[in-house]
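This report goes through selected features of one protein model, one region at a time. Please keep the sequence and the structure in view while reading.

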Amino acid sequence: QVQVVESGGGLVQAGGSLRLSCAASGVTFSTYRTGWFRQAPGKQRELVATITPGRTTMYADSVKGRFTISKDDAKNTVYLQMNSLKPEDTGVYYCNTPAGRYTWGQGTQVTVSS
């Protein structure tokens, strides 16, 4: 059974930074393209960054230049470094494949105050 666990969220002031982690069991992240999603209050979940097995990355325009996705295959963990955070980055952050292949984890809450 595949399980993903997101962590690293918190409350931060605008302009601050956070680093999110996504650890997996029952699946090897190096096999599939993996991404970070976020869901703001009252909005649909959106894909903000992805990384391929070969480490090619893609970012939504709203986070380009501020967020960096990376992975450690040895630890089977995917990271999201978030810098220059804005209040509009507030939401629950999840990791999964772009198609939502895995059962969704509980996510990690990120709150950016102005």
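## Two residues with positive phi

Asn76 sits in the loop that runs between strand E7 (67-72) and strand E8 (77-82). The model is a predicted one, and in it Asn76 has a positive phi of about 50°, although this residue is not a glycine. Is Asn76 buried or exposed? Its relative accessibility is 14%, so Asn76 counts as buried, since the cut-off for buried is under 20%.

Ser84 also calls for a look at its backbone. Ser84 is not a glycine, yet its phi is positive, at about 50°. The loop that holds Ser84 lies between E8 and strand E9 (91-96). With a relative accessible area of 44%, Ser84 is partly exposed, because that class covers values between the 20% limit for buried and the 50% limit for exposed.

## The disulfide

How many disulfides does a search of the whole structure find? The search finds one. This disulfide is formed by Cys22 and Cys95, and their sulfur atoms are 1.7 Å apart. It links distant parts of the chain: Cys22 belongs to strand E3 and Cys95 to strand E9, with the two positions 73 residues apart in sequence.

Cys22 has a relative accessible area of 0% and is therefore buried. Cys95 is likewise buried, because its relative accessible area is 0%.

## Arg33 and its surroundings

Arg33 is found in the loop between strand E3 (18-25) and strand E4 (34-39). Its relative accessibility is 36%, so Arg33 counts as partly exposed.

Which residues does Arg33 touch, not counting those up to four places away in sequence? They are Thr50, Ile51, Thr52, Pro53, Met58, Thr97 and Pro98. With Thr50 there is also a polar contact, made between the side chain of Arg33 and the side chain of Thr50 at 3.1 Å. Another residue to locate is Arg55, which is 22 residues from Arg33 along the chain; the C-alpha atoms of Arg33 and Arg55 are separated by 8.9 Å.

## Gln109 in strand E10

Gln109 is part of strand E10, which covers residues 108-113. The relative accessibility of Gln109 is 38%, so this residue counts as partly exposed.

When neighbours within four places in sequence are left aside, Gln109 is in contact with Gly9, Gly10, Thr90, Gly91 and Val92. Its side chain makes a polar contact of 3.3 Å with the side chain of Thr111. Gln109 can also be placed relative to Cys22, one of the two cysteines in the disulfide: Gln109 and Cys22 are 87 residues apart in sequence and 13 Å apart in space, C-alpha to C-alpha.

## The largest pocket

The largest pocket holds about 160 Å³ of space. Which residues line the largest pocket? The lining contains Gln1, Val2, Gln3, Val4, Val5 and Glu6, together with Thr103, Trp104, Gly105, Gln106 and Gly107.

By type, the residues of this lining divide into four nonpolar, six polar and one charged. Glycine counts as polar in this division, so Gly105 and Gly107, both in the lining, belong with the polar residues.

Definitions and conventions
Residues numbered from 1 in each chain as written. Predicted model: local features only at pLDDT ≥ 70, side-chain atom pairs only at ≥ 80, totals over all residues. Heavy atoms only, no water. Helix = DSSP H or I, 4+ residues; strand = E, 2+ residues; numbered from the N terminus. Buried < 20%, exposed > 50% of the residue type's maximum accessible area, 1.4 Å probe, protein only. Contact = heavy atoms within 4.5 Å. Polar contact = N/O pair within 3.5 Å; in protein donor to acceptor, adjacent residues only side chain to side chain. 1 Å grid on protein atoms, 1.4 Å probe; cavity = no way out; pocket = protein on both sides within 12 Å on 5 of 7 lines; lining within 4 Å. Points joined across faces, edges and corners; volume = space filled by probe spheres on them. Disulfide = S-S within 2.5 Å.
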